[in-house]
Amino acid sequence: MSETRNANGKATPETARLILEGREYELPVVRGTEGEKAVDISSLRRTTGYITLDKGYENTGSCRSSVTFIDGEKGILRYRGYPIDELAAKSTFTEVAYLLLYGELPTTIQLEEFSTFLNESSLIHEDMLHFFVGFPRGSHPMGILATTVASLSTFYPVPEVMDEKAERQILANLISQVRTIAAISYKKSIGEPIVYPSYKLRYVPNFLTMMFSSPVKESDLDDDIVQAIDLFLILHADHEQNCSTSTVRLTGSSLANVYAVISAGISALWGPRHGGANQEVIRMLEKIRDEHGDGTEYVRRAKDRNAPDRLMGFGHRVYKNFDPRAKILKEACHKLLKKPGMIDPLFDIALRLEDIALHDEYFVSRNLYPNVDFYSGLILRAAGIPYDMFTVLFAIGRTPGWLAHWREMYHGEDFRIMRPRQIYTGSTCRTYVDRSRRR
Ligand code: ACO
């Protein structure tokens, strides 16, 4: 609980006063380390009979967390206290994964050990390869990923009492094997033999080799592409209590096994209002290109409530100024897409579209800015990643974040099953009518 000092310098608990039906209640105020404020309503129903109603949880803090800090008004994002732009410029995805999971940046030896451990954990059980034959041709790889990740629990059963060693292994399995599963699902979708992970390669080169190498063609690893994918993964690694992370916490709060928990997160991420948007952005840019427009007509449709289109990659529940990840990715696009052979006309369309929207009263008045998905698809396109795999790449990046939140919750002092309430709006009590008398 937070405290204030009275005139005599004495600390008193900070409270909020609530008046309901003429009675006054004091509710504790809680402050975070960055000054965020919350009214703790844990005792509200017990003491007043009331609950709170908060559509879309816009004003609801579901937990206390020390993983990631966001200030949506100022466009700040930090993992474990480190600003995202510094991590993007100086770190690697593996290092960031370690930071998110264990709270500190690893030493050189810790990083080396972690990296090796991820590599040693990257093979999936050989019998799982049968699954990939069973999925219908053209299956969305997110469906394959969610299913296969859930099935890991049958091959690597989670012990009833999880000790540190078992937990460490499960975390490494998930971070490493989502990448293997993603590459296998791609190889199967194009009818090529799978490529196994290699102990010689780091996280991203390993993934790109599994995706693009074949018995008749060694993949040509472009350093700029490797760096851009690493950056993409860093920027997607965590984003506090978003839809998929909240799903992970909610599912995990039932003590479901952690493979099923991450599978639930993957399913939540799939939707076009969340991680599925990166794929939709490219569809939108192609539509504009094919209509030979400059984007003005698309923007008009996106503003029309009766039209299904939204400006994909625009708007965010938390960022009301700018999304710092979008800024970093835009710069990365500038760097990557000017390279010979990588120039992409869709980037110019994206820049124009952003400019139109940022000067349009509709977007300005609603604080709608490009989000992480607006430019990320262009990076993935340049790397040769097929559209259907875009959200899968997001899932690979987000896995350490989901696991960090799961771990924080699982070991937390106030761990309880999550169970929101509702305001019931259906029929009041009715008399049962026998079937023969129903009309
Ligand atoms: N295009 C057009 N209008 C928009 C857009 C958009 N991209 N985003 C929001 N709006 C409008 C809404 O219609 C609404 O208008 P109104 O006030 O006239 O009713 C207003 O802005 C507020 O929008 P909400 O949907 O209420 O905002 P919310 O916080 O619930 O949704 C979301 C945020 C889902 C990201 C939304 O902006 C959106 O659908 N964006 C496009 C999809 C997208 O890019 N998703 C990726 C988000 S980032 C991520 O998940 C990794």
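**Exercise 1. Which handedness does the crossing of α4 and α7 have, right-handed or left-handed?**

Solution. The model is a predicted one, and the steps below work from its coordinates. The crossing of α4 and α7 is right-handed. The residues that make the contact are F114, F117, L118 and N119 on the α4 side, and R168, Q169, A172, I175, S176 and R179 on the α7 side. To describe the geometry, take the angle and the separation of the axes: α4 and α7 pack at an angle of about 65°, and their axes are 8 Å apart. Angles of 65 to 115 degrees count as roughly perpendicular, and α4 and α7 are therefore assigned to that class.

**Exercise 2. Determine the place of S122, decide whether it is buried or exposed, and list its surroundings.**

Solution. Begin with the chain: S122 sits in the loop between α4 (108-120) and α5 (129-134). Next comes accessibility, where the cut-off for buried is under 20% relative accessible area; S122 has a value of 2%, so it is buried. Then turn to the polar partner of the side chain: one of its polar atoms lies 2.7 Å from the backbone oxygen of N119. Finally, with neighbours within four places in sequence set aside, S122 is in contact with S176, Q177, R179, T180 and P197.

**Exercise 3. Establish how many residues of helix α8 are buried, and against which helices they pack.**

Solution. Helix α8 spans residues 203-212, and 9 of its 10 residues are buried, so that the helix is mostly covered. The buried residues are Y203, V204, P205, N206, F207, L208, T209, M210 and M211. Following their contacts outward, these buried residues pack against α3 (93-102), α4, α7, α9 (223-236) and α18 (390-410).

**Exercise 4. Characterise the surroundings of I262 in helix α11.**

Solution. I262 belongs to helix α11, which covers residues 258-269. Its relative accessible area is 0%, and I262 is therefore buried. Leaving out neighbours within four places in sequence, the contacts of I262 are V149, L174, V248, W402 and L403. For V149, the separation along the chain is 113 residues, while the C-alpha atoms of V149 and I262 are 7.4 Å apart.

**Exercise 5. Describe the largest nonpolar core and the contacts of M284.**

Solution. The largest nonpolar core has 112 residues, and those with the most contacts inside it are M284, L285, L378 and I385. Helix α7 (residues 164-189) supplies the largest share of this core, 12 residues. Setting aside residues up to four places away in sequence, M284 touches Y298, R310, L311, M312, L353 and F374. As general background, nonpolar side chains tend to be buried together in soluble globular proteins.

Conventions:
Residues are numbered from 1 along each chain as its sequence is written. This is a predicted model: local features need pLDDT of at least 70, side-chain atom pairs count only at pLDDT 80 or more; totals for chains, interfaces and linings use all residues. Side-chain values use heavy atoms; hydrogens and water are left out. A nonpolar core is a set of buried Ala, Val, Leu, Ile, Met, Phe, Trp, Tyr and Cys residues joined through side-chain atoms within 4.5 Å. Buried means under 20% relative accessible area, exposed over 50%, partly exposed in between (1.4 Å probe, protein chains only). Helices (H or I, at least four residues) and strands (E, at least two) are DSSP runs, numbered from the N terminus. Contact means heavy atoms within 4.5 Å. A polar contact is a pair of N or O atoms within 3.5 Å; within protein, one must be able to donate a hydrogen and the other to accept it, and residues adjacent in sequence count only if both atoms are side-chain atoms. Axes are lines fitted to C-alpha atoms, for helices over the stretch in contact, and angles run from 0 to 180 degrees between N-to-C directions. Angles under 35 degrees count as roughly parallel, over 145 as roughly antiparallel, 65 to 115 as roughly perpendicular and the rest as oblique. A crossing is left-handed if the near helix is turned anticlockwise from the far one by less than a right angle, and right-handed if clockwise.
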